[in-house]
Amino acid sequence: MMANTTNVCFEGMQGTSLSPSTEEHFNFLLQAVQAGEAHLQQDNDGKVQIVYENEKRIPLTHVDKSKAHTIQEGKTAEDVRIRVDVCLEMIEAIKETRTPSGVVIDRSKVQTSAQGKYEEGKQFERLQEVLGKGNCAGDIVVVKDNKTGTEHAVKTVMISEFSPDEVRAWVNLGESESFPSLYLFRLIDNKIVLHMEKIEHGVTLDDIINQHMANLWQKAPDLIRPFSLCMFHGLLSAVKEMHDKNWSHCDLHGGNVMMTKDTMTLKMLDFGMAKPLRQGFNFNHDGLKNDILNAIRLFCGLYIGQDFENNFVLEREIKSGTLKKTLLETSGLKESEKDELLQLIAMTYHVTQDPKQAGYGDTTPVLEHIEHTVYPDKMKDVLRKAAAILFPDYYYGARDIDLQARAEVTDGRGDREDEDKVDAFEFDLDAAAAAVPEELLNRLRISL
Ligand SMILES: Nc1ncnc2c1ncn2[C@@H]1O[C@H](COP(=O)(O)OP(=O)(O)OP(=O)(O)O)[C@@H](O)[C@H]1O
Ligand SMILES: [Mg+2]
């Protein structure tokens, strides 16, 4: 283990007033020293260095990550020598530290053998279901643990594409309603395999925006505003939870947010691009801003069906005032709704603007504003109705079958009559709302 060192210059600092950013850095350093996370020492030239404790040396610096887990040949004698060194360095690291090939994060969901093995056909079975497909990951498949009986979603990432921060962020986020829990991660050959909580009856925000919102526009346009506000609240809350734990998501698009049809809760997933917000003296301002702008873009996608090409375009529209024109051209919204939407976007964007201003990056005022403008007493009702209209198959499926079965028994002929009953039922909002179980709504995370 080696400590990491950084040179620092204190000359001329005494007695001078520091700029806000220098003062921020200085306070950060003081805190790190006070907490024992770093200490100061002089190097051979007498310069002061900050020495961070517990920072592991990154081994195998000259490894070509795309060649992981392959047997290699060198082109020249020197090349062979370097590869031999790299390989021996790795073997020594495994030998010295008894490096495991994975870690169980949640033992109530994953039970390995006494020898620490987790094998298909022994400790778990692979099921047929495929939950999705990733760009970096292959298929997201489902397995079932034979001891605990828990079904897991399993994601596999090539080691060359894998960022260790994905697991660091995930473990750091701990158990939270806003993210699927990580149960186990491990290395198998040249792949990292991640077992996680399966999001039951999940649908991505992309699917909601592209396929389901039309239902809401058609059958209950009055629900669009409160439903979209509620989702924006959920998105900003999850982003805030990550930022509060010092992580930026950095890849917040509609395929990386899922909603469960039964509880209508949002879950943010895929930390493959996650980065720490604050690292040493550096603060990832872009990461913070992009997460918040991405949340605004998803909100606009839900509310007005507007998909800004990227964050840069959204920002340009906000700054130049053309966003107002874009919204004015959006049909279907009342004037008051357009004004409110503009105000909310401006308010949210504002918190990303000035690192020196109090409240930088903190979306609490926006969350509170939404809580006050969407009447709390109506929220449950709104979500109940939205759930039934957005996912008619899910909520009517069982009753359709029931109606059909009954029709077949009673008259044995009339399919038409049966279809009419189902159609009439589908368009009855109150009946639809009543079909959503109370107990599921009570578990709503977004309690407005
Ligand atoms: N825990 C889960 N439960 C249910 N479905 C999931 C789960 N995790 C992922 N999925 C589905 O699989 C898809 C891909 O997963 P994920 O985003 O983690 O992969 P990726 O390769 O990193 O994606 P990207 O395309 O963002 O790079 C998701 O969009 C979602 O539809
Ligand atoms: Mg993804």
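Visitor: How many contacts beyond four places in sequence does the model have for residues 55-61, where pLDDT stays under 50?

Guide: This is a predicted model, in which local features need pLDDT of at least 70, side-chain atom pairs count only at pLDDT 80 or more, and totals for chains, interfaces and linings use all residues. Side-chain values use heavy atoms, without hydrogens and water, residues are numbered from 1 along each chain as its sequence is written, and chains are lettered from A and ligands numbered from 1 in the order in which they are written. pLDDT is the predictor's confidence in each residue, from 0 to 100, and where it is low, the predicted coordinates should not be read in detail. With contact meaning heavy atoms within 4.5 Å, the number for residues 55-61 is eleven.

Visitor: Is the ring pair of Phe232 and Phe299 stacked or edge-to-face?

Guide: Rings of Phe, Tyr and Trp (its six-membered ring) pair if their centres lie within 6.5 Å; planes under 30 degrees apart count as stacked, over 60 as edge-to-face and the rest as tilted. Here the centres are 4.1 Å apart and the planes sit at 5°, so the pair of Phe232 and Phe299 is stacked.

Visitor: And are Phe179 and Phe271, whose ring planes are at 70°, buried or exposed?

Guide: Buried means under 20% relative accessible area, exposed over 50%, and partly exposed in between (1.4 Å probe, protein chains only). Phe179 has a relative accessible area of 1% and Phe271 has 0%, so both Phe179 and Phe271 are buried.

Visitor: Which residue joins Phe179 and Phe271 in a cluster of ring pairs?

Guide: The rings of Phe179 and Phe271 have their centres 5.8 Å apart. Ring pairs link these two into a cluster with Trp170.
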